[in-house]
Amino acid sequence: MGFYADYVDKINRALMSARVSVDGIEIDAEHGMRRWCDLTHALREAAGTIFFIGNGASASMASHMSADACKNGGLRCSCFNEISLLTAIANDVSYDQAFAVPLRRFGRAGDILVAISSSGNSPNIVRAIEAAKDIGLQVVTLTGMSADNQARAGGHLNFYVPAQEYGHVESSHQVILHSWLDQYLQEREEPRGKWG
């Protein structure tokens, strides 16, 4: 097997062995995706907001999915990637509060936070999850690397990819995010009884 085929195979195996949990109880991936879509439908009906956060490549994914969910999904979305806001909070407060501070300003009970972190241990992601739960947001996490990472333990709905390579985790997260949005979009076109 060549490098490309081996690489794709590893990502496929990582995706197929992903672990999903709700409040610490493991469920299968189909039920996890179903739960995420149900939360999204309820959020849209309540005119709530879905917030996406991440660092580095995960920040790019957060921005990408925020745009797609808004444009294609008709959802109210926000992604805290405005450089002036990020650097002001990092400089004047601390970088570990970079997402928690704006969440406390804009988040409302019933909103959703999607936290994307390959390691699941980034302090600013962990602080944002804590802030979101304090406010009453539902928290969806996408993590990898260590099975006992902090973000995975903090979310209400958690998608964990058991891979150690960043490229494998990040690629898997992108597939999971697109799977969620595509399933949600498909259900929006079906009669309401299908999801609620």
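This report walks through a predicted model, starting with the sheet and moving out to the helices, two loops, the cysteines and two serines.

## The sheet

Start with the overall layout: there's an open sheet of seven strands, in the order 2-1-7-6-5-3-4, and its pairing is mixed. Strand 2 and strand 4 sit at the edges with a single partner strand each, so one side of each has no neighbour in the sheet. From one strand to the next, the twist averages 20 degrees.

## Strand 3 and its partners

Strand 3 is a good place to zoom in. It is mostly covered, with five of its five residues buried. In a regular strand, side chains alternate between the two faces of the sheet. Here, Thr49, Phe51 and Ile53 point one way, while Ile50 and Phe52 point the other way.

On one flank, strand 3 pairs with strand 4 (residues 76–79) in the parallel sense, over four bridges. To get from strand 3 to strand 4, the chain goes through helix 3, and this β-α-β crossover is right-handed. Two residue pairs help you find the register: Phe52 stands opposite Cys79, and Ile50 has Cys77 as its bridge partner in strand 4.

Strand 3 also runs parallel to strand 5, and four bridges join the two. Ile50 turns up again here, with Ile112 as its bridge partner in strand 5.

## Helix 6

What does a quick geometry check say about helix 6 (residues 123–135)? At 1.5 Å a residue, its 13 residues should span 18 Å, and the end C-alpha atoms are 18 Å apart, which agrees. Just after the helix, Gly136 takes a positive phi of about 105 degrees.

Helix 6 lies across strand 3, strand 5 and strand 6, and it runs at about 165 degrees to strand 5. Its buried residues are Asn124, Ile125, Val126, Ala128, Ile129, Ala131 and Ala132. Their cover includes strand 3 (49–53), strand 5 (112–117) and strand 6 (138–143), along with helix 5 (100–106) and helix 7 (150–154).

## Helix 8 and Ser172

Helix 8 (residues 166–188) lies across strand 3, strand 5, strand 6 and strand 7 (157–160). Its direction makes an angle of about 140 degrees with strand 6.

Ser172 belongs to helix 8. Is Ser172 buried or exposed? With a relative accessible area of 0%, Ser172 counts as buried. Leaving out residues up to four places away in sequence, Ser172 touches Ile11, Ala14, Leu15 and Val161.

## Ser66 on the crossover helix

Another serine to look at is Ser66, in helix 3 (residues 57–71). Ser66 has a relative accessible area of 8%, so it is buried. Apart from neighbours within four places in sequence, Ser66 is in contact with Phe52, Cys77, Ser78 and Cys79. Two of those contacts, Phe52 and Cys79, are the residues that stand opposite each other across strands 3 and 4.

If you'd like a longer-range distance to check, take Ser66 and Ser117. They are 51 residues apart in sequence and 16 Å apart in space, C-alpha to C-alpha.

## Two unusual phi values

A couple of loop residues have backbone angles worth a look. Asp23 has a phi near 45 degrees, a positive value in a residue other than glycine. You'll find Asp23 in the loop between strand 1 (19–22) and strand 2 (25–27).

Met145 isn't a glycine either, yet its phi is positive, at about 60 degrees. Met145 sits in the loop between strand 6 and helix 7. Despite the loop setting, Met145 is buried, since its relative accessible area is 11%.

## Cysteines

A disulfide is a covalent bond between the sulfur atoms of two cysteines. How many disulfides are there by the sulfur-distance rule? The count comes to zero, with the cut-off set at sulfur atoms within 2.5 Å.

Why is Cys77 not bonded to Cys70? Cys70 holds the closest cysteine sulfur to that of Cys77, but the distance is 5.4 Å, which is too far for a bond. For Cys37, the closest cysteine sulfur is the one in Cys77, 14 Å away, so that is also too far for a bond. Cys37 itself is buried, with a relative accessible area of 0%.

Technical notes
Residues numbered from 1 in each chain as written. Predicted model: local features only at pLDDT ≥ 70, side-chain atom pairs only at ≥ 80, totals over all residues. Heavy atoms only, no water. Buried < 20%, exposed > 50% of the residue type's maximum accessible area, 1.4 Å probe, protein only. Contact = heavy atoms within 4.5 Å. Expected span 1.5 Å × (residues − 1). Pairing = 2+ DSSP bridges. Right-handed = clockwise from strand over helix to strand, strands pointing away. Axes fitted to C-alpha atoms, helices over the stretch in contact; angles between N-to-C directions.
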